[in-house]
Amino acid sequence: MSYLDKIKNTAIKEDAVILAIESSCDETAASVVKGGREVLSSVIISSMTEHIPFGGVVPEIASRAHTQAISIAVERAISDAKITLNDLDAIAVTYGAGLLGALLVGVAYAKSLAFSLGIPLVPVSHIRGHLSASYLCDKDLKPPFISILASGGHTAIIAVEDYYKYNILGQTLDDAVGEALDKVARVLGLKYPGGPHIEKLAKEGQNNVKLPPMLKGKKGYDFSYSGLKTAVINYVHTNEMAGREYSKADVAHSFQCSAIDVLVKNGVKAIEEYGYKTLTVGGGVGANGYLRDSLKKVCDKMGVKLVLPEKVYCTDNAAMIGAEGYLQYLKGNFADLELNAKASVKLD
Ligand code: KG4
Ligand code: ZN
């Protein structure tokens, strides 16, 4: 029987044990997730330190690092979960969005393993994965809810109407919030990835650098980080060229406020407009303490339930791919062995 014929007849199990693999950027991650909500193991091997001298992720270095780390990550995920490969019901893998060469390492590995074990291969969108991280930290979470997606590649406000139906209320018209944080960090002489360094430096500063409001006068839920980023870069360069002293901590603080406050504002506006009772966050910027504290305050005040994934499930990880992979598995969304990697995937 061919692989395809075999997986076509797969009986779907509610408590399926899924191995998830993620390799879209600089983290080689593997995780075992049971029933879509219970993380049995989560391994992340990062090549971040190799990229620091270059101020950003170097695709070639990332691909090589994935090739070296992927078997180690998977073996560790299986042993940490105290299972064997034969206990797996499916393999979920990120097929996009991300760096093509990096994604291909995970996709090729997942294909071979699924084929050799004769179990389904489930293709997962990295973006949906970020949003499904919330299912891991609140076992009772059910749609509908509003999600704030804030990562290095995406920024959006999404009405999650059911497990599969996403209504994109607004998104960034140019840079993603994480991208802007990383670029401003670089101008301030901070290391990659910039978000955590901006957060740390901001604690020593004040909100006293005047920055332009985002999309002034425009209604709706869209974002635009490019003007804000340019304003900060101009402020820094003008001061440096004039030999004027300025406080990097104040710049970091003021920029963080501007970049994050608008996420909170649009998230709250969506909750009010749609009347949903739950707000969730997905993506690396969700690890930001100022964002988390601001959301806690405002949700407490409004009586809205806030689902904040642990920081380790906000930044790239494979457990979130297992959570989303489980939803796709339930639908029988299986890939054949021609599955290819995609640099970009549609948000919805
Ligand atoms: O979700 P993610 O790990 O990768 C993408 O899918 O893009 O997000 C990475 C982004 C980077 O821009 C990084 O600077 C930002 O998340 N980030 C943070 C924090 N931790 C990571 N931004 C602000 N505060 C943080 N603590
Ligand atoms: Zn990500």
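This is a dialogue on how to read some features of a predicted model.

Reader: Let's start with the metal. Which residues coordinate the zinc ion (ligand 2)?

Author: Look for the donor atoms around the ion. Here the zinc ion (ligand 2) is held by NE2 of His126, NE2 of His130 and an OD atom of Asp316, at 2.0 to 2.1 Å. Water is not among the atoms, so a site like this one may look incomplete.

Reader: What spacing do those donors follow along the chain?

Author: Written as a pattern, the donors of the zinc ion (ligand 2) read H-x3-H-x185-D. Histidine 130 belongs to helix α5 (residues 126-137), while aspartate 316 sits in the loop between α11 (311-314) and α12 (319-330). With their positions 186 residues apart, this pair links distant parts of the chain.

Reader: And is histidine 130 buried or exposed?

Author: For that, check the relative accessible area; anything under 20% is called buried. Histidine 130 has 2% relative accessibility, so it counts as buried. Aspartate 316 is buried too, because its relative accessible area is 16%.

Reader: Okay, on to helices. How do I read a packed pair?

Author: The general idea is that two packed helices are described by the angle between their axes and the distance between the axes. Try helix α9 (residues 248-274) with helix α10 (residues 289-302): their axes come within 10 Å and cross at roughly 30°. Angles under 35 degrees count as roughly parallel, so α9 is roughly parallel to α10. The crossing is right-handed.

Reader: Which residues of α9 and α10 meet?

Author: From α9 you have Gln256, Cys257, Ile260, Asp261, Leu263, Val264, Val268, Ile271 and Glu272. Facing them from α10 are Tyr290, Leu291, Ser294, Leu295, Val298 and Met302. Sort the residues of this α9 and α10 contact by type and you get eleven nonpolar, two polar and two charged.

Reader: Can you give me another pair to practise on?

Author: Sure, take α6 and helix α7 (residues 194-202). They pack at an angle of about 65°, and their axes are 8 Å apart. Since 65 to 115 degrees counts as roughly perpendicular, α6 is roughly perpendicular to α7. This crossing of α6 and α7 is left-handed. Leu181, Asp182, Val184 and Ala185 of α6 make the contact with Gly194, Gly195 and Ile198 of α7. By type, the residues of the α6 and α7 contact are four nonpolar, two polar and one charged.

Reader: Now single residues. What is glycine 178 in contact with?

Author: Here, skip the neighbours within four places in sequence and see what is left. For glycine 178, that leaves Ser151, Gly152 and Val285. Glycine 178 lies in helix α6 (residues 177-187), and at 6% relative accessibility it counts as buried. Its C-alpha atom is 5.3 Å from that of serine 151, although the two residues are 27 apart along the chain.

Reader: And what does lysine 229 touch?

Author: Not counting residues up to four places away in sequence, lysine 229 touches Asp175, Ala180, Lys183 and Val184. Lysine 229 is part of helix α8 (residues 226-241). With 12% relative accessibility, lysine 229 counts as buried. Its C-alpha atom is 24 Å from that of valine 268, a residue 39 places away along the chain.

Reader: What about the backbone? Where are the cis peptide bonds in this model?

Author: Check the omega angle. One cis peptide bond joins glycine 96 and alanine 97, with omega about -5°. Alanine 97 is in the loop between β4 (90-96) and α4 (100-117). Another cis peptide bond joins tyrosine 192 and proline 193, with omega about -10°. Proline 193 is found in the loop between α6 and α7.

Reader: Last one: which residue has a positive phi of about 55° although it is not a glycine?

Author: That is lysine 82, found in the loop between α3 (59-80) and β4. Lysine 82 is exposed, because its relative accessible area is 73%. Leucine 215 is also a non-glycine with a positive phi, about 45°, and its place is in the loop between α7 and α8. Leucine 215 has a relative accessible area of 21%, so it is partly exposed.

How values were computed
Residues are numbered from 1 along each chain as its sequence is written. Chains are lettered from A and ligands numbered from 1 in the order in which they are written. This is a predicted model: local features need pLDDT of at least 70, side-chain atom pairs count only at pLDDT 80 or more; totals for chains, interfaces and linings use all residues. Side-chain values use heavy atoms; hydrogens and water are left out. Helices (H or I, at least four residues) and strands (E, at least two) are DSSP runs, numbered from the N terminus. Buried means under 20% relative accessible area, exposed over 50%, partly exposed in between (1.4 Å probe, protein chains only). Contact means heavy atoms within 4.5 Å. Donors are N, O and S atoms within 2.8 Å of the metal (3.2 Å for Na, K and Ca); water is not among the atoms, so sites may look incomplete. Axes are lines fitted to C-alpha atoms, for helices over the stretch in contact, and angles run from 0 to 180 degrees between N-to-C directions. Angles under 35 degrees count as roughly parallel, over 145 as roughly antiparallel, 65 to 115 as roughly perpendicular and the rest as oblique. A crossing is left-handed if the near helix is turned anticlockwise from the far one by less than a right angle, and right-handed if clockwise. Ala, Val, Leu, Ile, Met, Phe, Trp, Tyr, Cys and Pro count as nonpolar, Asp, Glu, Lys and Arg as charged, and the others, Gly among them, as polar.
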